[in-house]
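Here's a walk through one protein chain, taken a residue at a time. Have the viewer open and follow along.

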Amino acid sequence: MKTLIIYYSQTKKTATVAETLALELGADSIEIVDNKPRSGFKNRLTSSFDAVREIKTDITPMRVDVSDYDIVYFGTPVWAGKPTPAILTIIDRCDLRAKDVVLFATMNSSGGAASVERMEEKVKLRGARVIETFTLKTKGKDMEQLINETETIIEILDLNMYR
């Protein structure tokens with residue numbers, strides 16, 4: 001099965017998880033980039049209020065064609081206990097009808113489950129079926145630890161069976 005991983009990463013940690021998934025599952029990946037400068041906001045979180053208030057509309061790519069893929073992964077770091085607005089915008093712009101979806105969130109402390117639930121609401125509204133979800137705590141972990149934990153998650157959730 002052809003797999004695509006779409007993720008938004010403000011830090012190298014979310015990217016490391018997504019890149020490990022792509023390598024282990026033989027998947028393609030797309031990193032969502034926020035191109036909109038906003039008075040010191042770009043690529044950094046100034047406050048929880050700003051993270052919730054901001055609407056990411058100037059992101060690249062604006063729309064992702066997922067028609068050639070059987071399974072689509074969406075990944076996000078957690079901002080103020082929520083998924084990044086950028087990933088929600090991309091989900092809204094994808095035609096996910098009849099697609100199988102895996103959702104994941106990386107977080108320093110908490111909010112991962114709530115973030116995954118919010119993404120799940122969005123993808124179901126777009127006509128997709130969520131087949132797996134997972135969260136990964138990143139605080140205090142180096143890249144090697146994140147790679148090992150991601151590989152373990154693949155085994156535990158048996159994500160290889162969806163290839």
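## Starting in the core: Y73

Leaving aside neighbours within four places in sequence, Y73 is in contact with T3, L4, I5, I6, L21, L25, V102, F104 and L159. You'll find Y73 in strand β4. Keep in mind that this is a predicted model.

Is Y73 buried or exposed? It counts as buried, because its relative accessibility is 1% and the cut-off for buried is under 20%. One of its contacts, F104, sits 31 residues away in sequence, with a C-alpha to C-alpha separation of 7.7 Å.

## The chain as a whole

Stepping back, the protein chain has five helices and seven strands. Read from the N terminus, the order is β-α-β-α-β-β-β-α-β-α-β-α.

The protein chain has 163 residues, and 48% of them count as buried. Contacts reach far along the sequence: among those between residues at least 6 apart, 75% join residues at least 24 apart. About 7900 Å² of the protein chain is exposed, with carbon and sulfur atoms supplying 48% of that area.

## Two more buried spots: T150 and V130

T150 lies in helix α5, which covers residues 143-157. At 1% relative accessibility, T150 counts as buried. What does T150 touch, not counting residues up to four places away in sequence? Its partners are V17, T20, L21 and L136. L21 also turns up in the contact list of Y73.

V130 belongs to strand β7, residues 129-137. Its relative accessible area is 18%, so V130 still falls under the 20% limit and counts as buried. Setting aside neighbours within four places in sequence, V130 is in contact with V101, L103, E120, V123 and K124. V130 and I71 are 59 residues apart in sequence, yet their C-alpha atoms are 9.7 Å apart in space.

## S9, in a loop but buried

S9 sits in the loop between β1 (3-8) and α1 (12-25). Despite that loop position, S9 counts as buried, at 13% relative accessibility.

Its side chain is worth a click: a polar atom there lies 3.3 Å from the backbone nitrogen of A15. Not counting residues up to four places away in sequence, S9 touches T14, A15, E31, I32 and P77.

## The largest pocket

How many residues line the largest pocket? The lining has 15, and P77, V78, T106, M107 and N108 are the ones nearest the pocket centre. The elements giving two or more residues to this lining are α1, β4 (71-79) and β6 (100-107). β4 gives the most, with three residues.

The volume of the largest pocket comes to about 260 Å³. By type, its lining splits into five nonpolar residues, nine polar and one charged. P77, one of the residues nearest the centre, is also touched by S9.

## Out towards the surface: D92, A98 and D68

D92 is found in helix α3, residues 85-92. Its relative accessible area is 36%, so D92 is classed as partly exposed, in between the 20% and 50% limits. Not counting residues up to four places away in sequence, D92 touches K122 and R126. D92 and K122 are 30 residues apart in sequence, with C-alpha atoms 7.1 Å apart.

A98 is in the loop between α3 and β6. What sets its backbone apart is a positive phi of about 65°, although A98 is not a glycine. At 74% relative accessibility, A98 counts as exposed. D68 is exposed too, with a relative accessible area of 55%, and is found in the loop between β3 (59-60) and β4. Along the chain, D68 and L4 are 64 residues apart, while their C-alpha atoms are separated by 9.2 Å. L4 is also among the residues in contact with Y73, which brings us back to where we started.

Definitions and conventions:
Residues numbered from 1 in each chain as written. Predicted model: local features only at pLDDT ≥ 70, side-chain atom pairs only at ≥ 80, totals over all residues. Heavy atoms only, no water. Helix = DSSP H or I, 4+ residues; strand = E, 2+ residues; numbered from the N terminus. Buried < 20%, exposed > 50% of the residue type's maximum accessible area, 1.4 Å probe, protein only. Contact = heavy atoms within 4.5 Å. Areas by Shrake-Rupley, 256 points an atom, 1.4 Å probe, with all protein chains shown as cover. Polar contact = N/O pair within 3.5 Å; in protein donor to acceptor, adjacent residues only side chain to side chain. 1 Å grid on protein atoms, 1.4 Å probe; cavity = no way out; pocket = protein on both sides within 12 Å on 5 of 7 lines; lining within 4 Å. Points joined across faces, edges and corners; volume = space filled by probe spheres on them. Nonpolar A, V, L, I, M, F, W, Y, C, P; charged D, E, K, R; others polar.
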